[in-house]
Amino acid sequence: MVLEHLSDQALIRRQKLGELQQKDVEPYGQKYPVTHKTSEVILHFRELEEEGTAASVYGRIISKRGHGKASFAHIEDGSGRLQIYLREEQVGSDQYNLYQLLDIGDIIGVTGTVFKTRKGEITVNVSSFRLLTKSLRPLPEKWHGLKDVELRYRHRHLDLMVNPEVREVFITRSRIIHMIREFLVQRGYLEVETPVMHTVAGGASARPFITHHNALGIDLYLRIATELHLKRLIVGGIEKVFELGRIFRNEGLSTSHNPEFTSVEIYEVNADYEDMMDLTEEMITSITREIHGTLKLNYQGRELDLTPPWPRRELSEVIREITGVEFSAVQGDDAARKLAAEHGLEVDKDSTKGEIMYTFFEKYCEDKLWNPLFVKDYPVEVSPLAQRCRENPQLTYRFETFIAGKEIANAFTELTDSLDQRERFVQQAEKRDSGDEEAHMMDEDFLVVMEYGMAPTGGLGIGVDRLVMVLTDRPSIRDVILFPTLRPREQQAGRP
RNA sequence: GCGCCUAUAACUCAACGGUAGAGUAGCGGGCUUUUAACCCGCAGGUUGUAGGUUCAAAUCCUACUGGGCGCACCA
């Protein structure tokens, strides 16, 4: 214990802790027998007051106002906050002196009858109280809250304590996740858990994290998607399946990217990507209705209308409308590269038309999409797990859903032709060999699984964090992840 | 990885080349229905770190560290 590094206030609190112990007060006590939550006291005020029955509540002291021989304070529990009132005459001078040693941040249990003050605030007239937990560090300011975003992310417990809207966001996040699960289970999808540690990191274009297993003496990858294992289950006869969980991608951080994030992937036999569009639309609109009671939202000061049906437009069409470029008129990779150069896009020398088309979309179109839109029929080169379109084998039955400029979902009619799949993996492997660390890895085991025969299948992945951002009106993914990834920092003296 | 912004008391913020300040929180005193309680007094700082310019640096310059935003990368 290096006491010199503590702030003066933290030192004073430690001294008070000693004083309390000298007075035989247990500073870290047992649970308090409560009769009500703070919100319940307010809800049942009339009966409590009429009957004159005592209520027992517990909570953290968040403010104190002393008046000589009487004192007011607010305590807060998970349900809300409540004012308490102590009079020396009522609790006795020993208890009253003890109360003087309590600080903002301490957790106490109180018992007393309930009344309304002159100004009309429901208040517990404390007849007895007990310290449950002594707090040794000062809380952030009550009025302005904790604003410094770095402190908020690094000390989320403080953020949650003093910024009530933050707690609301995470309660809503939890509800959304619960509703996703409920929505899918009710429709007969089986929730499963597949490995987080993979020998081959597949199912997406991304760099994986690498870890090591000592006993086996091998490196393992943290999963970058749940796709390939879920498809194995489809082959195995589990016809409607989903997994909701964390995936990991070793990429840059941004307001819409955290290295670990939550996805839900859903697979269903005898379905196609149109069915997955229906599912996406139904799921997101039903959750939105449940949370907001309307489909007309506001995101970052701008109106956002989720009313279905959401338009379903081909990628080439969207590019044409936004940039004026007609990709169907482009013949060959050379012409596409020339076009990219004309539009100020830097692309690799060996880029194909499909890759360039996709780049056009990402650079010039994605962020202009606002109300929900299904963008469909993506080039085969950037969609190695999706089935080719019958009318045009250069395209695939793949769609992405955009809401408020964010990619929320990605889905396909799954590729079921194991021989085509092998070719696609080979192409990806070639890209890996030429330095593309995000290209898909060859997964022989998965190919063998496919060779047994995979029924026609629709698959869907949804970025849960981004969905939560949209539904809670948060600008950064770090606002919807309790403990976002930050560079570690040495503990500084006096920091909370 | 690159660019811009940013770091002052436990918290929220001032001071923008000339003695580091306020509010909250804290400590001491007063006050028995207050409520951003109030009144009187006190304490609290290596201005992120390390250099440099200057008679003088929180302030200007350089580097580093953390963070934010944008770009790049990336579903």
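Eight secondary-structure elements of this predicted model each supply at least two residues of the surface near RNA strand B. Three are helices by label, H1 (8-22), H6 (149-154) and H13 (353-364), and the others are strands S1 (55-66), S2 (70-77), S3 (80-87), S16 (395-403) and S17 (406-413). Helix H6 gives the most to this surface, with five residues.

In total, 59 residues lie around RNA strand B. Those that come nearest are Gln83, Ser205, Tyr358, Arg398 and Glu400. On the RNA side, sugar and phosphate make up 57% of the strand B atoms that come within 4 Å of the protein. Gln83 belongs to the nearest group, and strand S3, which spans 80-87, is among the contributing elements. Tyr358 is also in the nearest group, and helix H13 covers 353-364. For Arg398 and Glu400, also among the nearest, the corresponding element is strand S16, 395-403. Sorted by class, the surface near RNA strand B holds 27 charged, 16 polar and 16 nonpolar residues.

Polar contacts with the RNA include one to a base and two to phosphate oxygens, as listed below.

| Residue | Protein atom | Atom of RNA strand B | Distance |
|---|---|---|---|
| Trp143 | side-chain N or O | base nitrogen | 2.8 Å |
| Lys363 | side-chain N or O | phosphate oxygen | 3.1 Å |
| Arg487 | backbone N or O | phosphate oxygen | 2.7 Å |

Trp143 thus approaches a base nitrogen through its side chain, while Arg487 approaches a phosphate oxygen through a backbone atom. Lys363 uses its side chain, and its partner is a phosphate oxygen.

Turning to the fold, chain A has 16 helices and 18 strands. Its radius of gyration is 29 Å, well over the 23 Å that the globule rule gives for 496 residues, so chain A is more spread out than a compact globule. The C-alpha trace spans about 90 × 50 × 50 Å along its principal axes. The chain is divided into domain 1, residues 3-139, and domain 2, which consists of 162-310 and 371-479. Taken over C-alpha atoms, the centres of the two domains are 48 Å apart.

Two backbone details deserve mention. Pro308 and Pro309 are joined by a cis peptide bond, with omega at about 0°. Pro309 sits in the loop between strand S13 (302-305) and strand S14 (312-314). Asp377 is not a glycine, yet has a positive phi of about 70°; this residue is found in strand S15, residues 373-379.

As for confidence, the mean pLDDT of chain A is 92, and 97% of its residues reach 70 or more. Over residues 491-496, however, the pLDDT is below 50, and this stretch has nine contacts in the model beyond near neighbours in sequence. In chain A, helix H12 (residues 332-342) has the lowest confidence, at a mean of 87, and strand S6 (residues 190-191) the highest, at 98.

Methods: Residues are numbered from 1 along each chain as its sequence is written. Chains are lettered from A and ligands numbered from 1 in the order in which they are written. This is a predicted model: local features need pLDDT of at least 70, side-chain atom pairs count only at pLDDT 80 or more; totals for chains, interfaces and linings use all residues. Side-chain values use heavy atoms; hydrogens and water are left out. A residue is near a molecule or strand if one of its heavy atoms lies within 4 Å of it. A polar contact is a pair of N or O atoms within 3.5 Å; within protein, one must be able to donate a hydrogen and the other to accept it, and residues adjacent in sequence count only if both atoms are side-chain atoms. Helices (H or I, at least four residues) and strands (E, at least two) are DSSP runs, numbered from the N terminus. Ala, Val, Leu, Ile, Met, Phe, Trp, Tyr, Cys and Pro count as nonpolar, Asp, Glu, Lys and Arg as charged, and the others, Gly among them, as polar. pLDDT is the predictor's confidence in each residue, from 0 to 100. Contact means heavy atoms within 4.5 Å. Domain bounds come from an automatic or database domain assignment. The radius of gyration is taken over C-alpha atoms; the globule rule is 2.2 Å times the number of residues to the power 0.38.
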